[in-house]
Amino acid sequence: MVSAFGPGLEGGTTGVASEFIVNTCNAGSGALSVTIDGPSKVKMDCQECPEGYKVSYTPMAPGSYLISIKYGGPQHIVGSPFKAKVSGPRLAGSHSLHETSSVLVETVSKSSAMGGPFASLPKFSSDASKVISRGAGLSKAFIGQKNTFTVDCSKAGTNMLMVGVHGPKTPCEEVYVKHMGNRMYNVTYTVKEQGSYILIVKWGDENVPGSPFHVTVP
């Protein structure tokens, strides 16, 4: 379903760019065609934006403009053609009643960013079960000291290491992950209060063996 919205579909002022958005999310790829008929030629511009395409046009003469938006063929999208009323002085254009301006964009398939936080990540091939974590910092931590442990992901394929530490009341003050080379990581974190902490180590989306770890701060 392609839709369009924005003030430019309703009207504008001569010499000022009016904008509207054509939302092509989840519509697959297709040719987007925007045609504007009216008392003057309009300067049109079409740019990609997160929802699809942002179209701007600058009318040069007052009057009614008809905005036709088609996607993927001869069918108009819902609501098209739109009627925009432009006011202001005549800045250019012959006294003909009818000028046509159009723009055609070969679009790419867009999917809405609402697909989840990992919708746009590349597909990694990894196996979190082959990650090995070692070190005192996985079970015990001390206030005012750097608590460390290592994570060996060298046999676990390609992905991103994510580490989170949460304390009894608040998240941990600082977690520092350093890549030592060959997918070996050194993790340092500092804590400010006593109690039980939860330490999560993930390789991509998956917990590594042992995670979540329970850490005690005496």
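This passage describes the salt bridges, one strand sheet and a surface patch of a predicted model.

The structure holds 3 salt bridges. Side chains of opposite charge can pair when their charged atoms come close. One such pair is Lys 54 with Glu 19, whose side chains meet at 3.9 Å, N to O. Lys 54 belongs to strand β6 (residues 52–59) and Glu 19 to strand β3 (residues 18–23), so the salt bridge ties together parts that are 35 residues apart in sequence. Neither residue reaches the cut-off for exposed, which is over 50% relative accessible area. Lys 54 is partly exposed, at 30%. Glu 19 is also partly exposed, at 38%.

A salt bridge also joins Lys 130 and Asp 127, with an N to O distance of 2.9 Å. Lys 130 has a relative accessibility of 42% and counts as partly exposed. Asp 127 counts as partly exposed as well, at 28%.

Glu 193 and Lys 169 form a further salt bridge. Their closest N and O atoms are 3.7 Å apart. This pair links distant parts of the chain, 24 residues apart. Glu 193 sits in the loop between β14 (184–190) and β15 (195–203). Lys 169 sits in the loop between β12 (161–166) and β13 (174–181). Lys 169 counts as exposed, because its relative accessibility is 67% and the cut-off for that class is over 50%.

Strands β10, β11, β14 and β13 form an open sheet, in that order. The pairing is antiparallel. The edges are taken by β10 and β13. Each has a single partner strand, so one side of each is left without a neighbour in the sheet. On average, neighbouring strands of this sheet are turned by 20° against each other, direction ignored. Strands of a sheet pair through backbone hydrogen bonds, either parallel or antiparallel. Within this sheet, 6 bridges join β11 (residues 147–152) to β14, and the two run antiparallel. Thr 150 has Asn 186 of β14 as its bridge partner.

A nonpolar patch lies on the surface. Phe 124, Met 160 and Met 162 form this patch. Together they have about 230 Å² of accessible area. Phe 124 lies in the loop between β9 (99–106) and β10 (132–134). Its relative accessible area is 32%, so Phe 124 is partly exposed. That value also meets the patch criterion, because patch residues need over 30% relative accessible area.

Notes: Residues are numbered from 1 along each chain as its sequence is written. This is a predicted model: local features need pLDDT of at least 70, side-chain atom pairs count only at pLDDT 80 or more; totals for chains, interfaces and linings use all residues. Side-chain values use heavy atoms; hydrogens and water are left out. Patches are made of residues with over 30% relative accessible area and no salt bridge: like charges are joined within 9 Å, nonpolar side chains (Val, Leu, Ile, Met, Phe, Trp, Tyr) within 5 Å. Accessible areas come from the Shrake-Rupley method with a 1.4 Å probe; for residues, only the protein chains shown count as cover. A salt bridge is a side-chain nitrogen of Lys or Arg within 4 Å of a carboxyl oxygen of Asp or Glu. Helices (H or I, at least four residues) and strands (E, at least two) are DSSP runs, numbered from the N terminus. Buried means under 20% relative accessible area, exposed over 50%, partly exposed in between (1.4 Å probe, protein chains only). Two strands pair if DSSP finds at least two bridges between them. Axes are lines fitted to C-alpha atoms, for helices over the stretch in contact, and angles run from 0 to 180 degrees between N-to-C directions.
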